[in-house]
Number of protein chains: 2
Amino acid sequence: MKLYSYWRSSSSWRVRTALAFKGLDYEYEAIHLLEQGGIQHSEAHKARNSMEQVPVLEVDIDGETRHLAQSMAILEFLEETHPEPALLPEDAFGRARSRQLAEIVNSGIQPVQNLLLLQRLGRSFDVDAKAWCAPFIADGLAAYEKLARETAGDFSVGDAPTFADICLIPQMYNARRFKVDMSEMELLLQIEQNCMALDAFKAAHPDQQPDAAV
Amino acid sequence: MKLYSYWRSSSSWRVRTALAFKGLDYEYEAIHLLEQGGIQHSEAHKARNSMEQVPVLEVDIDGETRHLAQSMAILEFLEETHPEPALLPEDAFGRARSRQLAEIVNSGIQPVQNLLLLQRLGRSFDVDAKAWCAPFIADGLAAYEKLARETAGDFSVGDAPTFADICLIPQMYNARRFKVDMSEMELLLQIEQNCMALDAFKAAHPDQQPDAAV
């Protein structure tokens with residue numbers, strides 16, 4: 001497998017965590033989102049993903065080379081094709097809540113701080129990215145914490161990491177970039193600490209990627 | 001089951017389509033998103049969904065009454081608990097592509113036209129909703145069509161409806177509200193026609209809901 005990724009892309013980070021957690025080897029190809037107007041807009045990358053975004057997972061399925069995009073679709077694909085170790089609980093409610101929490105981040109918070117959106121806001125409407133993003137991230141993470149209180153053990157749903165935690169960790173990193181105060185989000189901070197004690201979460205961190213500009 | 005819904009909410013519409021397609025009966029409770037500052041912000045609804053949004057599916061799981069939110073999480077829950085008739089193909093690639101297409105809408109387009117986002121853009125930054133939304137919808141649907149050409153039969157992936165079509169149809173309705181020109185998106189228009197010939201898609205349309213203001 002080959003992953004087209006950018007070190008600071010939170011959606012790429014989700015897929016890196018899942019691949020590492022499941023012990024799957026892959027080749028890493030960096031797609032720089034800012035240089036030369038954004039390599040994601042190159043013809044080569046457009047052919048991989050019509051949305052001109054990372055991540056893209058290049059994978060052999062039934063003898064054909066396929067390009068899969070959209071991090072949540074890739075997570076579900078990995079869970080179905082490499083079920084162990086699992087990233088969803090076994091029970092219907094736990095599975096639903098793991099996905100619900102993941103979606104708070106995936107559709108509820110992350111799109112609001114998406115690169116293209118921030119670029120359009122700045123260029124066409126002169127809106128400041130930090131002033132724009134911070135309340136969505138703060139409200140979204142507060143809603144996440146409130147919901148996670150119903151199911152959390154060491155992680156967001158029970159005592160093993162799920163899709164929820166995989167989405168949460170990059171979002172907390174972005175919250176810090178946008179100066180969101182998380183000091184009262186005690187449960188989230190505890191979950192983050194538990195995640196970051198695991199090798200898979202360490203390996204997936206932006207600073208550990210070949211294209212990291214630290 | 002009971003669905004907390006708003007007639008024009010595209011995420012509620014997705015869940016209504018899945019429920020109808022799978023032949024599941026449910027009670028409908030309208031949550032008006034605009035009246036009285038938005039009923040989704042009431043204490044009663046906050047207790048159901050910390051994100052203060054619709055849809056919420058109230059459902060009995062293993063003897064407990066649960067409130068599930070986030071349309072994609074609900075679709076996955078319904079597919080796992082009521083697998084027939086299926087809303088995902090059987091093969092790994094078809095499943096991944098159905099979800100990838102659904103995510104183009106779910107995380108790539110819909111959040112940009114989300115009610116709260118438009119309210120904040122208008123109130124705090126004086127940005128016009130139509131001017132803001134139209135290019136995201138146009139680009140997103142163009143990316144959807146390009147990707148769907150690889151897998152489409154009568155529907156986006158093969159000859160049966162999937163999560164992809166369930167997300168596409170409400171997004172095309174919103175495209176028209178935001179005056180996006182879809183006249184050259186021939187494949188999407190054909191898929192829409194095929195969907196709207198099905199009873200489940202007819203029943204889920206906003207105009208057919210008890211709270212429709214037509």
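How many helices and strands does the secondary structure of chain A come to? I began there, keeping in mind that this is a predicted model. I found 9 helices and 4 strands in chain A. Reading along the sequence, I noted the order β-α-β-α-β-β-α-α-α-α-α-α-α.

**Overall shape.** Next I looked up the radius of gyration, which is 17 Å for chain A; a compact globule of 214 residues would have one near 17 Å, so the two agree. The C-alpha trace spans about 50 × 45 × 30 Å along its principal axes.

**Packing and surface.** I then checked burial: 57% of the 214 residues of chain A count as buried. For contacts between residues at least 6 apart in sequence, I noted that 64% join residues at least 24 apart. Chain A exposes about 8,700 Å², and carbon and sulfur atoms supply 46% of that area.

**Charges.** My tally for chain A is 20 positive and 32 negative side chains. The centres of these two sets lie 5 Å apart.

**Cysteines.** How many disulfides are there over all chains? The count comes to 0, and I wanted to see what that looks like at single residues. Why is A:Cys133 without a bond to the closest cysteine sulfur? That sulfur belongs to B:Cys133 and is 16 Å away, which is too far for a bond. A:Cys195 is in no disulfide either, and the nearest cysteine sulfur, that of A:Cys167, is 11 Å away. Are these two residues buried or exposed? A:Cys133 counts as buried because its relative accessibility is 0%. A:Cys195 also has 0% relative accessibility, so I logged A:Cys195 as buried too.

Note on methods
Residues numbered from 1 in each chain as written. Chains lettered and ligands numbered in written order. Predicted model: local features only at pLDDT ≥ 70, side-chain atom pairs only at ≥ 80, totals over all residues. Heavy atoms only, no water. Helix = DSSP H or I, 4+ residues; strand = E, 2+ residues; numbered from the N terminus. Rg over C-alpha atoms; globule rule 2.2 N^0.38 Å. Buried < 20%, exposed > 50% of the residue type's maximum accessible area, 1.4 Å probe, protein only. Contact = heavy atoms within 4.5 Å. Areas by Shrake-Rupley, 256 points an atom, 1.4 Å probe, with all protein chains shown as cover. Lys, Arg positive; Asp, Glu negative; His and termini not counted. Charge placed at Lys NZ, Arg CZ, Asp CG, Glu CD. Disulfide = S-S within 2.5 Å.
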